[in-house]
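Please work through the exercises below with the sequence and the coordinates at hand, attempting each task before reading its solution.

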Amino acid sequence: MLFNRETDYAVRVLKNLSTDRPTSISSFVEGEFISEAIAYKLSRKLDKAGIIYGVRGSSGGYVLSRPLTEITLYDVHQAIEPHSLVCECLKQDVSCLLNTDRDTCALRTELLRIQENINTDLKKHSLGELFDAK
């Protein structure tokens, strides 16, 4: 599992939002080196995941649904790349001839352990902690 560029950009979008007032995408994209089109696309994904929400009107924009101290890299990764795993064989709908009820694939077992460790690590620290740790 590699974070794609969208996940990196989504973290940057979140860093620029607050919980108390709407922030327009156009107010920060240039400083973060993100195109407005990409930022809006990511904002829709983050909104769908319940991490942010949009506010309409002349002073509208996006607002965090909860503080950065309650949002982890895991949350962002799941919002942007929900089906990303270290190996295709870990997906629910993938059947592997080497992994059956009778025989368990040793490689799949190890990859599953690695995936679980990655997920645990991504959940360890909030974005608030990461941004404060400059």
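The exercises that follow concern a predicted model, and each task is followed by a stepwise solution.

**Exercise 1. Overall form**

Task: Determine how many helices and strands the protein chain has, and decide whether the chain is compact or spread out when judged by its radius of gyration.

Solution. Step 1: The secondary structure of the protein chain consists of 6 helices and 2 strands, and along the sequence these elements follow the pattern α-α-α-β-β-α-α-α. Step 2: The globule rule gives 14 Å for 134 residues, whereas the radius of gyration of the protein chain is 18 Å, which is well over that value, so the chain is more spread out than a compact globule. Step 3: Along the principal axes, the C-alpha atoms fill a box of roughly 60 × 30 × 25 Å. Step 4: Of the 134 residues, 35% count as buried, and the accessible surface comes to about 8,600 Å², with 51% of it belonging to carbon and sulfur atoms. Step 5: Among contacts with a separation of 6 or more, 64% come from residues 24 or more positions apart.

**Exercise 2. The two sides of helix H5**

Task: Check the length of H5 against the expected span, and then find where its buried residues lie around the axis.

Solution. Step 1: At 1.5 Å a residue, the 19 residues of H5 should span 27 Å, and this agrees with its end C-alpha atoms, which are 27 Å apart. Step 2: Leu 111, Gln 115, Asn 119 and Leu 122 are the buried residues to consider in H5. They cover an arc of only 80° around the axis, which means that they are on the same side of H5. Step 3: Ala 106 and Lys 124, by contrast, are exposed on the other side of H5. Step 4: The packing partner of the buried residues of H5 is H4. Step 5: Turning to helix H4 (residues 73–80), one finds Tyr 74, Val 76, His 77, Ala 79 and Ile 80 buried, and the buried residues of H4 pack against H1, H3, H5 and helix H6 (127–132).

**Exercise 3. Salt bridges within a helix and between helices**

Task: The structure holds 7 salt bridges; for three of them, state which residues pair and where these residues lie in the chain.

Solution. Step 1: Side chains of opposite charge can pair when their charged atoms come close, and the cut-off needed here is a nitrogen-to-oxygen distance within 4 Å. Step 2: Asp 121 meets this condition with Lys 124, their closest N and O atoms being 3.2 Å apart. Both residues lie in helix H5 (residues 106–124), 3 residues apart, or about one turn of the helix. Asp 121 is partly exposed at 45% relative accessibility, while Lys 124, at 53%, counts as exposed. Step 3: Arg 12 and Asp 8 form a salt bridge at 2.9 Å, N to O; they are 4 residues apart in helix H1, and are therefore separated by about one helical turn. Asp 8 is partly exposed, its relative accessible area being 36%. Step 4: Lys 41 and Glu 6 form a salt bridge in which the closest N and O atoms are 2.7 Å apart. This pair links distant parts of the chain, since Lys 41 is in helix H3 (residues 36–48) and Glu 6 is in helix H1 (residues 5–15), 35 residues apart. Lys 41 is partly exposed with a relative accessible area of 32%, whereas Glu 6 counts as buried at 17% relative accessibility.

Methods:
Residues numbered from 1 in each chain as written. Predicted model: local features only at pLDDT ≥ 70, side-chain atom pairs only at ≥ 80, totals over all residues. Heavy atoms only, no water. Salt bridge = Lys/Arg side-chain N within 4 Å of Asp/Glu carboxyl O. Buried < 20%, exposed > 50% of the residue type's maximum accessible area, 1.4 Å probe, protein only. Contact = heavy atoms within 4.5 Å. Expected span 1.5 Å × (residues − 1). Arc of directions from axis to C-beta. Rg over C-alpha atoms; globule rule 2.2 N^0.38 Å. Areas by Shrake-Rupley, 256 points an atom, 1.4 Å probe, with all protein chains shown as cover.
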